[in-house]
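Please open the structure in the viewer and keep the sequence panel at hand. The tour proceeds by selections, each followed by a description of what is found there.

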Amino acid sequence: MLRVFVGEDRLAAEMALKRVIGGNYEVFEGENLVVNDLPSIFQGTSLFETGKRRILLKNLSENPALWEKVADYADTEHEVVVWELKLDKRSLGYKNLKSSGVEIQEFALKAKPEAKMVFGVLDTALRDGKRAVAQVEQIELEQDPFMFFGLMVTQALKKFEQKGGAKEKRLLKELAKLDMEMKTTGLDPWMLIKAFLLRVKS
């Protein structure tokens with residue numbers, strides 16, 4: 001079976017790769033291959049194993065002549081994963097893969113939260129915890145909770161440097177508590193962040 005993984009989230013892609021082809025597989029780099037190599041990769045047998053091969057092909061799209069032909073082997077009996085950081089969806093190779101019904105999985109890095117956005121959520125939480133939670137619920141599917149937390153800490157430190165009052169000190173203590181919870185409890189980090197936003201005003 002042929003699959004295509006695309007995206008810059010290497011950790012997520014590697015986890016998926018292990019689920020699909022395990023930890024022992026052959027690796028081929030696109031820059032080292034020519035079109036005539038494809039039949040032996042997709043249809044040949046291994047010198048060391050009998051039966052189904054497990055193969056990882058990297059950066060094939062950087063070799064256009066090769067990339068256009070990959071879909072011809074969509075029905076390979078081997079477990080083959082093509083891993084690309086980025087794909088041009090306008091390319092003939094991509095269109096051929098889609099028309100052949102090849103599974104294409106995307107592993108995009110989650111966007112880093114903007115400092116301005118986090119600053120707004122934190123300020124809102126100091127006035128209205130429920131409203132701050134509603135703001136977070138609009139963005140949590142597209143953001144990384146640990147990056148979000150890190151920026152909240154940065155904003156809280158700026159507040160403490162500017163005012164240095166009891167309110168700012170307590171905010172830092174609450175964030176330290178949240179940090180410990182996120183590292184040790186195993187609970188959903190967004191759930192912990194929402195609980196923090198609800199209690200931080202009181």
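**A tour by selection**

Asn24 is exposed, with a relative accessible area of 51%. Please note at the outset that the model is predicted. To find Asn24, select the loop between helix H1 (10-21) and strand S2 (26-29). Next, add Arg53 to the selection: Asn24 and Arg53 are 29 residues apart in sequence, yet their C-alpha atoms are 9.9 Å apart in space.

**From Arg53 to His78**

Keep Arg53 displayed and select His78, since Arg53 is one of the residues that His78 touches. Where is the place of His78? His78 is found in the loop between H3 and strand S4 (79-84). Is His78 buried or exposed? Its relative accessible area is 0%, so His78 counts as buried, the cut-off for that class being under 20%. Leaving aside residues up to four places away in sequence, His78 is in contact with Met1, Ile41, Phe42, Gln43, Gly44, Gly51, Lys52 and Arg53.

**Helix H4**

Now select residues 92-99, which form helix H4. Which residues of H4 are buried? They are Gly93, Tyr94 and Leu97. These residues lie on the same side of H4 because they cover an arc of only 100° around the axis. Display strand S1 (2-6), helix H3 (64-67) and strand S5 (103-106) as well, for the buried residues of H4 pack against these elements. After H4 comes Gly101, which has a positive phi, near 75°.

**Helix H6**

Select residues 129-139 to show helix H6, and within it pick Arg131. Arg131 counts as partly exposed, with a relative accessibility of 49%. Then add Glu142: it is eleven residues from Arg131 in sequence, and the two C-alpha atoms are 19 Å apart.

**Helices H8 and H9**

Finally, select helix H8 (residues 166-184) together with helix H9 (residues 189-199). Two packed helices are described by the angle between their axes and by the distance between those axes. Here the axes come within 10 Å and cross at roughly 160°. H8 is therefore roughly antiparallel to H9, an angle over 145 degrees being counted in that class. The crossing of H8 with H9 is right-handed.

To view the contact itself, show the side chains of Leu171, Glu174, Leu175, Lys177, Leu178, Glu181 and Met182 in H8, which meet Pro189, Leu192, Ile193, Phe196 and Arg199 in H9. By class, this contact of H8 with H9 has eight nonpolar and four charged residues, and no polar ones.

Technical notes. Residues are numbered from 1 along each chain as its sequence is written. This is a predicted model: local features need pLDDT of at least 70, side-chain atom pairs count only at pLDDT 80 or more; totals for chains, interfaces and linings use all residues. Side-chain values use heavy atoms; hydrogens and water are left out. Axes are lines fitted to C-alpha atoms, for helices over the stretch in contact, and angles run from 0 to 180 degrees between N-to-C directions. Helices (H or I, at least four residues) and strands (E, at least two) are DSSP runs, numbered from the N terminus. Angles under 35 degrees count as roughly parallel, over 145 as roughly antiparallel, 65 to 115 as roughly perpendicular and the rest as oblique. A crossing is left-handed if the near helix is turned anticlockwise from the far one by less than a right angle, and right-handed if clockwise. Contact means heavy atoms within 4.5 Å. Ala, Val, Leu, Ile, Met, Phe, Trp, Tyr, Cys and Pro count as nonpolar, Asp, Glu, Lys and Arg as charged, and the others, Gly among them, as polar. Buried means under 20% relative accessible area, exposed over 50%, partly exposed in between (1.4 Å probe, protein chains only). The arc is that of the directions from the helix axis to the C-beta atoms.
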